[in-house]
Amino acid sequence: MRKFTIVLTLIGAALCLVHFIGLDPKNMLLFSFSVPLWFVPIFADIRDVNLYFAYFLTIVSWGLMGYAIDWYVQKYRTRRHSE
């Protein structure tokens with residue numbers, strides 16, 4: 001029962017797909033909603049980053065956020081039922 005993990009991973013994949021097929025011509029969606037891409041300019045020039053690696057990091061980061069939410073929900077439910 002990992003609803004958030006699945007849904008947020010699909011959102012990350014959809015974000016990358018929208019960018020890949022050209023519906024995000026100015027990169028606004030990808031750069032706005034990809035957490036790893038927020039930090040790339042600190043360490044390197046954004047133009048030097050492999051786009052497929054950026055897609056991978058975006059999908060993984062959205063999946064990890066979903067996993068964290070699922071973990072907290074499960075922890076809350078377990079604590080609530082044990083009281």
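**Notebook: helices H3, H4 and His-19**

I began with the face of H3 turned away from its buried side, and found that it carries the exposed residues Pro-41 and Ile-42 (exposed is over 50% relative accessible area, buried under 20%, partly exposed in between, with a 1.4 Å probe and protein chains only). I note that this is a predicted model, in which local features need pLDDT of at least 70 and side-chain atom pairs count only at pLDDT 80 or more, while totals for chains, interfaces and linings use all residues. Residues are numbered from 1 along each chain as its sequence is written, and side-chain values use heavy atoms, with hydrogens and water left out.

I then listed the buried residues of helix H3 (residues 35-43), which are Pro-36, Leu-37 and Val-40. Seen down the axis of H3, these fall within an arc of 90°, so they line one face of the helix (the arc is that of the directions from the helix axis to the C-beta atoms; helices are DSSP runs of H or I, at least four residues, numbered from the N terminus). Among what covers them I found helix H2 (28-33) and helix H4 (51-82), where contact means heavy atoms within 4.5 Å.

Turning to H4, I looked up its buried residues, including Ala-54, Tyr-55, Trp-62 and Asp-70, and saw that the buried residues of H4 pack against helix H1 (3-20), H2 and H3.

Lastly I checked His-19, which lies in helix H1 and, at 12% relative accessibility, counts as buried. Not counting residues up to four places away in sequence, His-19 touches Asp-24, Asn-27, Leu-30, Leu-51 and Tyr-55.

Conventions. Helix = DSSP H or I, 4+ residues; strand = E, 2+ residues; numbered from the N terminus.
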